[in-house]
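Let's take a look at how charged side chains pair up in this protein, and at one that goes without a partner. Have the structure open as you read.

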Amino acid sequence: MNIITTTKGLEKACDDLLQNPYMAVDTEFMRETVYWPQLCLIQAAGGPTEVIIDPLADGLDLEPFWELMADERIIKVFHAARQDLEIFFHRGGDSLIPHPMFDSQVAAMALGLGDSIAYDALVKALLKRPIDKGPRFTDWSRRPLSDAQLEYAMADVTHLRDLYPIMQERLEKKGRAEWLAEEMKILTNPETYRLDPEESWRRMKLRKNSPKWLAALRAAAAWRETEAQTRDMPRQRVMKDDAIYEIAGVAPTTPEQLTGLRAVPKGFERSSPARRLFEKMSAALAAPESYAPAYEKSAPPPQGTGPTVELLKVLLKFVAEDAGVAPRLIATVPDLEKIASGDDEDVAAMTGWRREVFGEPARRLKRGELSLTLKDGKVCVTEVKV
């Protein structure tokens, strides 16, 4: 097994990998005690080249690997890539998002192999190979790693390397290679991975709608996210959600206002982080109406659209089964509700390949041009003759 611990060795490995049209990539990381995931291993396999890169090795410069990720001459194959790409993005920004890219989990949905299929299930389904799950809960930051742990990590990309040509061929035969390309545009968009503290309020439930409360919640959430990022600590270790809600209710700008809150740790009001919270809160409350996030309480679907939504669910299931694709990849229940109410301009199911497969049939069903019938116990979609 080729374990890369030097920059020179990494340069050679990247040159070897680049000789192939595609390569499989995976990472092992730890994030339980940190905000930014700690990259512990990188596994890569392309053609006969199989390597494990140790990012924790003294003196190892990962620049050759980042250059390889940006090289458009080779396709980078991942499974459930979002967390891997998040790590890459936060190591170096837009330039470190791999392109071109193939995600086998998304491809599996396009091939009708299930919603968010697990890697071991995909390997078993297409390659008929079992995967040893034993070392799954390894502390990847510890050194040395055992042979069993390294073999487990390496298998994540050797199987993936073998899966790619099979899945790509099936996508092309079904005419769905472009479907995957559309999904990869979203997955490789840098905006997917930006973590702006000012937007962290979106993780919270908006329990009230007054400008002052909303401004205070946004300020408290932004303060916590900034503290977590700066101190490289999980946000819940900085302050629990319950405490953020309590802080929003009080909107404190002085230590006295924090005293006695049940979810706020005793003595916190005298700390340096508390002073930064007071500064953030004071700035927010100077103009709460302009700082408060827009309160958009999701309205229930218009009265009378419930049966239409149910019909659209049946149509979605029929279309998905007929196309051999996971329903969740085509449309969500909120999508169906918007289509039923006629407010579907920004619905993903009305764009790209989804529109052809489901969006237009859904509109035709609403207009009465299609009907859903039962024949021999099975749902059928038929044209309505006028």
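What follows is a short tour of salt bridges and one buried acid in a predicted model.

The structure holds 26 salt bridges. Here are three of them, with the closest N to O distance for each.

| Pair | N to O distance |
|---|---|
| Lys280 and Glu198 | 2.4 Å |
| Glu199 and Arg202 | 2.7 Å |
| Glu310 and Lys313 | 3.4 Å |

Lys280 and Glu198, joined by a salt bridge, bring together distant parts of the chain, 82 residues apart. Lys280 sits in helix 12 (residues 272-285), while Glu198 is in the loop between helix 7 (177-187) and helix 8 (211-231). Lys280 is partly exposed, at 24% relative accessible area.

In the Glu199 and Arg202 pair, Glu199 is partly exposed at 31%, whereas Arg202 is exposed at 55%.

Glu310 and Lys313 both belong to helix 14 (residues 306-323), and because they are three residues apart, about one helical turn separates them. Glu310 is partly exposed at 44%, and so is Lys313 at 33%. Elsewhere, shared partners tie Glu198, Glu199, Arg202, Arg218 and Lys280 into one salt-bridge network.

Now for the loner. Which side chain of opposite charge is nearest to the buried Asp103? That's Arg82, but at 9.2 Å, and Asp103 has no salt bridge. Asp103 lies in strand 6 (residues 101-103), and its side chain reaches the backbone nitrogen of Ala81 at 2.8 Å. Beyond its sequence neighbours within four places, Asp103 touches residues including Phe78, His79, Leu180 and Met184.

How values were computed:
Residues numbered from 1 in each chain as written. Predicted model: local features only at pLDDT ≥ 70, side-chain atom pairs only at ≥ 80, totals over all residues. Heavy atoms only, no water. Helix = DSSP H or I, 4+ residues; strand = E, 2+ residues; numbered from the N terminus. Buried < 20%, exposed > 50% of the residue type's maximum accessible area, 1.4 Å probe, protein only. Lys, Arg positive; Asp, Glu negative; His and termini not counted. Salt bridge = Lys/Arg side-chain N within 4 Å of Asp/Glu carboxyl O. Polar contact = N/O pair within 3.5 Å; in protein donor to acceptor, adjacent residues only side chain to side chain. Contact = heavy atoms within 4.5 Å.
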